[in-house]
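Trainee: I am new to this structure and would like a close look at one part of it. Could you walk me through a single helix and the core around it?

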Amino acid sequence: MQLTNHVEEATENDAQTSESGADQQHLSSLTTLIEVYKGAILAGDEKTVSDIEAGIHVIENEKNELVQKVSALSTEITSGKEKYIRLQADFDNFRKRSEKERLTIRSDAQGEVIESLLPMVDNFERAKQQLKLDTEKEKKIDASYQGIYKQFVEIMRSLHVAVVATVGKPFDPSLHEAIVREESQEFKEGIVTQEFRRGFLLGNRLLRPATVKVSSGPGSKKVPVAAEKSTEHPATAARVDE
């Protein structure tokens with residue numbers, strides 16, 4: 001009966017106080033309960049002792065259940081955070097992959113269009129080499145041609161199309177297509193000496209390799225005729241003296 005009164009008193013006090021006051025009141029109730037428990041033990045009141053111990057056991061079980069629930073909730077929260085992080089990472093990877101694929105498709109489409117226009121560039125280059133500017137009419141044709149060609153070149157540049165460097169550069173099989181190898185006194189072995197057809201790049205992508213002539217080195221130098229004669233005379237003279 002005494003334990004029941006203490007519990008009811010603690011419940012009423014908890015309902016009437018704020019959260020901070022409730023904690024203090026709860027501590028006070030526990031202190032009172034402990035004092036009653038001590039008194040019951042000293043007085044030999046087995047029933048009160050038994051009731052208090054039963055109450056403590058119930059509280060202990062409730063505490064363990066709460067600890068398990070908190071642990072389970074904490075695990076769920078952690079698992080939820082991990083799932084969210086994984087989903088976020090998957091989404092970021094998907095977005096990056098989609099963007100890369102989009103750029104690849106766009107680059108491929110641009111490359112196909114530009115490749116189809118490269119023969120036109122070749123025709124412009126051939127026309128420029130063959131055109132003679134002897135008459136006023138030919139000069140007007142050349143001016144018109146130069147204007148069109150300039151516009152075409154500007155469009156190609158705006159699409160990040162670049163010409164493959166050739167003459168004077170080391171031969172690069174990833175950029176150049178060698179159709180002739182020839183000795184050269186001017187260029188070292190492996191250096192491009194002449195360009196037959198221009199190559200083009202779209203960014204880092206090769207649209208068409210440049211067809212070129214490559215130096216095979218200086219080769220064996222021929223002795224000038226005058227030098228040959230100068231070396232022959234001493235030998236002849238020696239034979240005559242003999």
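Mentor: Happy to help; here is a tour that begins at one helix and then follows its surroundings. Please keep in mind that this is a predicted model.

Let us start with α4, which covers residues 136-158. This helix has 23 residues. From its first C-alpha to its last, α4 reaches 33 Å, close to the 33 Å expected at 1.5 Å a residue. Just after the helix comes histidine 160, whose phi is positive, near 65 degrees.

Which residues of α4 are buried? They are Asp142, Tyr145, Tyr149, Phe152 and Met156. An α-helix has 3.6 residues a turn, so residues three or four places apart point the same way. You can keep that in mind as you run your eye along the buried residues of α4, which pack against α3 and β1.

Now look at the core itself. Tyr145, Tyr149, Phe152 and Met156 belong to the largest nonpolar core, which has 12 residues. The other members are Ile114, Leu118, Val121, Phe124, Val161, Phe200, Leu202 and Leu207. Two or more residues of this core come from each of α3 (46-130), α4 and β4 (200-202). In soluble globular proteins, nonpolar side chains tend to be buried together.

A good place to pause within this core is leucine 118. Leaving aside residues up to four places away in sequence, leucine 118 touches Met156, Phe200, Leu207 and Arg208. Met156 is also one of the buried residues of α4, so you can trace a link from the helix to leucine 118. A second, separate core has six residues, including Val164, Val192, Val212 and Val214.

Two of those valines lead us to threonine 166. Its place is in the loop between β1 (161-163) and β2 (176-182). Threonine 166 touches Val192 and Val212, along with His176, Glu195 and Ala210, again not counting residues up to four places away in sequence. With glutamate 195, the contact includes a polar one between the two side chains, at 2.9 Å. Why does threonine 166 count as buried? Because its relative accessibility is 9%, and the cut-off for buried is under 20%.

For a contrast, finish at proline 218, in the loop between β6 (210-215) and α5 (225-241). Proline 218 is partly exposed, with a relative accessible area of 39%. Setting aside residues up to four places away in sequence, proline 218 touches Glu183, Ser184 and Gln185. Proline 218 and glutamine 185 are 33 residues apart in sequence, but their C-alpha atoms are 4.6 Å apart in space.

Terms used. Residues are numbered from 1 along each chain as its sequence is written. This is a predicted model: local features need pLDDT of at least 70, side-chain atom pairs count only at pLDDT 80 or more; totals for chains, interfaces and linings use all residues. Side-chain values use heavy atoms; hydrogens and water are left out. A nonpolar core is a set of buried Ala, Val, Leu, Ile, Met, Phe, Trp, Tyr and Cys residues joined through side-chain atoms within 4.5 Å. Buried means under 20% relative accessible area, exposed over 50%, partly exposed in between (1.4 Å probe, protein chains only). Helices (H or I, at least four residues) and strands (E, at least two) are DSSP runs, numbered from the N terminus. Contact means heavy atoms within 4.5 Å. A polar contact is a pair of N or O atoms within 3.5 Å; within protein, one must be able to donate a hydrogen and the other to accept it, and residues adjacent in sequence count only if both atoms are side-chain atoms. The expected span of a helix is 1.5 Å times one less than its number of residues.
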